[in-house]
Amino acid sequence: MRIQDEIRNVFMDALRAIGAAEDTALVLEQPKLKAHGDLATPVALGLAKRLGKNPMAIAEAIVKAAHVPHDVIASVDVAKPGFINFTFAPPVLRKNLLEIVSLADRYGSSDMGGGRKWQVEYISANPTGPLVIVSARAAAIGSVLVNLLSFTGHDAEGEYYVNDHGNQVDALGRSLQYRLRERFGTLSVGEEIGAYPGAYLRDIAGRVPEADGRRWADPSFDSGAARCGAFATEHLLAGIRGDLERFGVRFDNFFFESSLHPGPVEQALEILKREEYVYESEGALFFASSRLGDEKDRVLRKSGGEATYFAGDIAYHLSKLGRGFGGVIDIWGPDHHGHITRMKAAAQVLGAPPGWLEVMIVGWVRLVEGDKPVSMSKRAGEFVTMRSLIEDVGSDVAKYFFLMRRPNTPLDFDLELARKQSEENPVFYVQYAHARISSVIKYAESKGVRRERGGEHLDLLAAGEERSLMLHLMFFPYVVEAAARSREPHRLAAYAQELATLFHQFYHACRIVSEDERLSGARLLMAEATMQVLRNTLSLMGVAAPSSM
RNA sequence: GCCCCCGUAGCUCAGUUGGAUAGAGCAACGGUUUCCUAAACCGUGUGCCGCAGGUUCAAUUCCUGCCGGGGGUACCA
């Protein structure tokens, strides 16, 4: 049992003993000040009114009623307005070091999710061009969310929804036709390139076998645009997969919108009809989403008979329901945030339990290079791709920058800072701590100094820096859980930063490999535990933990 | 108009389901290396937490209004 749970149990018992357990949540928090102990609860403050006593007296009563296990909690203090502060017994901190080393890659994992199936859908950018910067941010966040959920006992998988159907694919096909005519010199005078003027389509046009190309480019060939659309989509998707691989992001599944038309879409619409949320107006089929909080009703089938993107998306979510996910998280780009209400409304009508669908919006990313912002519109034909970002600053730096901030806030990505291979760059600070430990361990090996195995001399770890480090290591599992629960990967970055700082401070204050064999053994164990936790954190973030820099 | 996000140190941002004296990085200045990686460490300081109300024993955190910034509001995807 983890120490927080142990404390919780002990003090819930105490609350029962004084008759105050009902409707009382025992929140445990890390105090800001060291003088306030390792963990604290303001529970007495909250009880003051209900019990009609002053908080100090209540806190005293709780402490008196609690059977405090002194091998776990060294001291319990009641402070000023009515806080109860706990200080961990040193053996608990030391034992945790052994646990870290023995659990290794699994330290920090839990069964919080109870093995339930979860899906995270992210990026899902149209295969009408290479992935751009916002997609890179979504890739970082989505993949880490999958990692976090898996690590906390969920059966989580990541999926990419491929919009290979509809108007944009047709438009893409027409733009490719233009490029084919350009290639074969059959362009008509004044002909427009269409929706996708990016030069990448010229490359793709170059890859079309000549005989096919000439046929597809011929205006008298009816399905030329469709052929071109399919060809371009296929090649662009291959490029996207390559970019993702390079970025170190792996999907469990690619789901194709084209597989939803027409059958599954019709099925989904049938359900909406059966639930009486559908009506016809002006020749189009509408979803009465306004009855479920949406601003207005949304078109499912256009008056021309064609299903909308939204209809496909509903069918897609019906598929997710059918696949038995206990919950799904959709990570969307900032341009889609207006779609949340209608999609949730649809999920509800499809029979999804409340809260089943979570939608996260990834904030805009603006590339900054000094003062020069870079245009990123796909349609303008000029944009900064994910690939070029990776080539420029490297995937570790890119990921870390995306994971440093809350997902939904706008982000100025400073390329100049990201390029710097120096102390100004926060990624290297954390990686350096890992590399440094790795190096120390090698040095110890060369000196024949061995790490402590059984924990006999861990009581030698008595310095303030050593205690702070051990304490922080102990909080890792809670940080992981909180990050998973709140869907906030940036907490990992903050934790890693703090852990690196604590290690560097320890490193400067305490000589690890020394003449004192027992002390060296104990400190090596702590160094190794720190390295392990750094590695686990970085691994969850999908960032490399180098052994030398 | 309506809806969503944001407003915290000079800059970029944290701030733990409302808690005790609001923090970190960067930038600035000064210091530390015969010693396991100086990509490190130590020291020096700045905040009407956008404004005004409300709820509460307690508000940066929750509610309302306002101001400022960004975005959304297609029979496009």
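This section describes the domains of chain A and the protein surface around RNA strand B in a predicted model.

The domain assignment divides chain A into three parts, given as domain 1 (3-88), domain 2 (116-258 + 319-419) and domain 3 (426-541). Domain 2 is thus listed as two segments, 116-258 and 319-419. Between domain 1 and domain 2, the C-alpha centres are separated by 50 Å.

RNA strand B is surrounded by 62 residues, of which Phe83, His339, Tyr432, Arg436 and Arg511 approach it most closely. By residue class, the surface near the strand consists of 25 nonpolar, 23 polar and 14 charged residues. On the RNA side, sugar or phosphate accounts for 59% of the strand B atoms within 4 Å of the protein, and bases account for the rest.

Polar contacts involve both the phosphate and the bases of RNA strand B. An N or O atom in the side chain of Ser439 lies 2.5 Å from a phosphate oxygen of the strand. The bases are met by backbone atoms: a polar backbone atom of Ala435 is 3.3 Å from a base oxygen, and a backbone N or O atom of Ile512 is 3.0 Å from a base nitrogen. Two or more residues of the surface near RNA strand B are supplied by each of helix 2 (43-51), strand 3 (83-88), helix 6 (167-184), helix 16 (426-446) and helix 18 (490-509). Helix 16 provides the largest share, with 8 residues.

Definitions and conventions
Residues are numbered from 1 along each chain as its sequence is written. Chains are lettered from A and ligands numbered from 1 in the order in which they are written. This is a predicted model: local features need pLDDT of at least 70, side-chain atom pairs count only at pLDDT 80 or more; totals for chains, interfaces and linings use all residues. Side-chain values use heavy atoms; hydrogens and water are left out. A residue is near a molecule or strand if one of its heavy atoms lies within 4 Å of it. A polar contact is a pair of N or O atoms within 3.5 Å; within protein, one must be able to donate a hydrogen and the other to accept it, and residues adjacent in sequence count only if both atoms are side-chain atoms. Helices (H or I, at least four residues) and strands (E, at least two) are DSSP runs, numbered from the N terminus. Ala, Val, Leu, Ile, Met, Phe, Trp, Tyr, Cys and Pro count as nonpolar, Asp, Glu, Lys and Arg as charged, and the others, Gly among them, as polar. Domain bounds come from an automatic or database domain assignment.
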